[in-house]
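Let's take a walk through this one together, starting with a helix and ending with a few strands. Have the structure open and follow along.

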Amino acid sequence: MTDTDIRPFRIDIPQADLDDLHDRLGRARWSRDLTEGWERGVPASYLRPLAEYWRDEFDWRAEEARLNELPQFVTTIDRQQIHFVHVRSAVPDARPLLMAHGWPSSFVEFLDVIGPLTDPVAHGGRAEDAVHLVIPSLPGYGFSPLSGEGWGDLFRVAAAFAELMTRLGYERFLAQGTDVGAGVVGMLPMVAPGRVIATHVNGPSPFPLGPALDLDALDDADRDRAARFNTFREDGAGYLHIQATRPQTVGYGLTDSPVAQLAWIVEKFAEWTDPATALPEDAVSLDRLLTTVSLYWFGQLGWSAAHAMYEGMQVYRRFATAPAADSGTQGEWAPPPMPPASVSVFAADLSVRAVVDAGGTSASWTEHDSGGHFPALEVPDLLVADIRRFFDAHR
């Protein structure tokens, strides 16, 4: 067996780990609610019953069995294990599509779009819409445990994903991403010039560790999202600051306490899903949410994802503060021609077009009045329709 081998993978969480989770949930020490509401974080009045449901009613084995219905594999790239789902369409001339998830998420986010994308005829589409679907787990997420430092560098992740597509026999492919995955998708054409047919991302946001946005410089279409971005930057980015500066410290709590890991993720689902919904389970299936949290718990992904975020922020800071290259410098690197790009923006997103698409490089920009940061979970039909429409126009 060589590092380039692709091996079948099956999820099999040891019963001892499941028993340990239930034991820890039963012995949790709870903080009190000093105030009502969510303005200071997830209230115990909400989280405690949810933790009890996770312990007593949530059926991990049923969810595990469902996930194992998917064709899953692992391979080693640059000394890093990459776990991925690979669903080939029955349509012979289907095009390959790589989909990349973000934080705090996993490959589980895409379960409801796999059928419509790979078998569109059975889901109201046309045979020519079909794709062969590849869904890798980012290093430090899912079943791609971190092998060492440096995997927060999204250029390195993009290069690994391009190599994965090569190993699967896909010379040219489509790419779609969300959150961190959107960053990877944006870099794929740079590390694999000429191979990416077209890209689609959802919910790109201005850099939250940068300056506030000037509302007066924006038109009405962008001003509301910019105002919400400024509020988020001041009041909602604490998770990012701590993971981008002290991932090891926060990692202890996320690794030792399932309640801490649950709260860490549930808070984001409460804040980032469709603003018309009151609670996370109004936007996404509660069992689907707990499947994601369970993956983070069993794999100690709170720790590893925090380290990946830390490294990613260091790379971004260096990139953002580097002096502009002298245009007359011999041998100056220039990005390769970029493929057609599309953006979908959902109701909870903070995507200010004048900032994130200032050059007008997106061939398509679609805004929706529903959905949020996890559209494949919240509004899969809308996301699939956008993907089909744009990729159909760019063959």
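Start in helix H1, which spans residues 15-26: Asp20 and Arg24 sit four residues apart there, so about one helical turn separates them. Keep in mind that this is a predicted model. The two side chains meet in a salt bridge, with 2.8 Å from N to O. How exposed is Asp20? Its relative accessible area is 31%, which makes Asp20 partly exposed. Arg24 is partly exposed too, at 25%. The cut-offs help here: a residue counts as buried under 20% and as exposed over 50%, so values in between are called partly exposed. As for the pairing itself, side chains of opposite charge can pair when their charged atoms come close.

Now look at Asp23 and Arg27. They also form a salt bridge, and their closest N and O atoms are 2.9 Å apart. Here the two partners fall into separate classes: Asp23 is partly exposed, with a relative accessible area of 37%, while Arg27 reaches 57% and counts as exposed.

Further along the chain, Arg55 pairs with Asp56, and the closest N and O atoms of this salt bridge lie 2.8 Å apart. Arg55 has a relative accessibility of 26%, so it goes down as partly exposed. Salt bridges can also link up through shared partners, and that is how Arg126, Glu128, Asp129, Asp392 and Arg395 end up in one network. Altogether, the structure holds 22 salt bridges.

Time to leave the charged pairs and turn to the strands. Which strand does S7, residues 196-202, pair with? It is joined to S8 by four bridges, and the two strands run parallel. To find the spot on screen, pick out Asn202, whose bridge partner in S8 is Ser344.

S8 has another neighbour to show you. Four bridges also join S8 to strand S9, residues 364-367, again with the strands running parallel. Here you can use Val343 as your guide, since its bridge partner in S9 is Trp365.

So how much of S8 itself is buried? Four of the five residues in this strand, which covers residues 341-345, are buried, so S8 is largely enclosed by the rest of the structure. While you have the strands in view, recall that in a regular strand the side chains alternate between the two faces of the sheet. To put the strand part together, S8 is joined by four bridges to S7 and by four to S9.

Conventions:
Residues numbered from 1 in each chain as written. Predicted model: local features only at pLDDT ≥ 70, side-chain atom pairs only at ≥ 80, totals over all residues. Heavy atoms only, no water. Buried < 20%, exposed > 50% of the residue type's maximum accessible area, 1.4 Å probe, protein only. Pairing = 2+ DSSP bridges. Salt bridge = Lys/Arg side-chain N within 4 Å of Asp/Glu carboxyl O.
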